[in-house]
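Me: I should like to learn how to read the strands of a structure that is new to me. May we go through it step by step?

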Amino acid sequence: MTSAKIWRKMPEYYELVGKECEKCGALFFPARPICKKCGSSKLQDHKLEGQGVIKTFTIIRTPIAGDDVLEKIICEIPYALAIVQLSEGPCLTAQIVDCEADEVVIGKNVEVVFRKVFESGRKGAICYGYKFRLSE
Ligand SMILES: [Zn+2]
């Protein structure tokens with residue numbers, strides 16, 4: 001990922017900011033320029049609370065190759081990758097952290113955390129962003 005794209009995505013990655021349609025109230029994450037429910041282009045930023053529930057998940061058990069990979073994803077193997085439905089409605093894909101992979105269960109509540117997501121080589125950009133952990 002380029003530095004420019006990282007810069008553009010900072011509101012999403014750092015603060016979980018999506019878009020809310022000013023006409024029909026639909027919420028979207030990630031942000032989009034046009035409402036897919038009513039077609040309006042009048043959307044405003046909407047910061048999501050970061051609470052949600054695991055709708056489904058998979059366990060990743062194959063590590064990414066070593067130094068020849070330009071963009072290295074920061075995670076320990078195995079890890080859980082889940083579809084999380086936020087309390088406001090939108091769904092997103094995110095890693096579940098701070099637990100063993102076998103603790104991840106469909107229907108469990110999760111909350112957002114801010115973590116290192118990937119780095120572009122040894123001297124490249126480091127990108128931070130959202131992941132989720134189990135909550136009460
Ligand atoms: Zn709309």
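Reply: Let us begin with one pair of residues: Leu81 stands opposite Gln95 in β7. This is a predicted model, in which local features need pLDDT of at least 70, side-chain atom pairs count only at pLDDT 80 or more, and totals for chains, interfaces and linings use all residues. Residues are numbered from 1 along each chain as its sequence is written.

Me: What is a strand, and what does it mean that two strands pair?

Reply: Helices (H or I, at least four residues) and strands (E, at least two) are DSSP runs, numbered from the N terminus. Two strands pair if DSSP finds at least two bridges between them. Here, strand β6 (residues 79-86) and strand β7 (residues 91-97) are paired in the antiparallel sense over 6 bridges.

Me: How many residues lie between β6 and β7 in their hairpin?

Reply: The hairpin has 4 residues between the two strands, and in its turn Gly89 has a positive phi of about 125 degrees.

Me: Which strand is joined to β6 by 8 bridges?

Reply: That strand is β4, and the two run antiparallel. Val53 stands opposite Gln85 in β6. Strand β4 (residues 51-60) also pairs with strand β8 (residues 109-120), in the antiparallel sense, over 3 bridges. There, Gln51 stands opposite Glu111 in β8.

Me: Over how many bridges do β8 and β9 pair?

Reply: β8 and strand β9 (residues 126-134) pair over 9 bridges, in the antiparallel sense. Phe118 has Cys127 in β9 as its bridge partner. The hairpin of β8 and β9 has 5 residues between the strands, and Gly121 takes a positive phi near 70 degrees.

Me: Why is Asp98 called exposed?

Reply: A residue is buried if 20 or more other C-beta atoms lie within 10 Å of its own, exposed if 12 or fewer, and partly exposed in between; the C-beta atoms are placed from the backbone. Asp98 is exposed because 11 other C-beta atoms are within 10 Å. Asp98 is placed in the loop between β7 and β8. Its C-alpha atom is separated by 7.8 Å from that of Leu134, 36 residues apart along the chain.

Me: What is the order of strands in the open sheet of 3 strands?

Reply: The order is β2-β1-β3, with antiparallel pairing. The edge strands, β2 (27-28) and β3 (43-47), each pair on one side only. Strand β1 (residues 17-21) is joined to β2 by 2 bridges, and Glu20 stands opposite Leu27 in β2.
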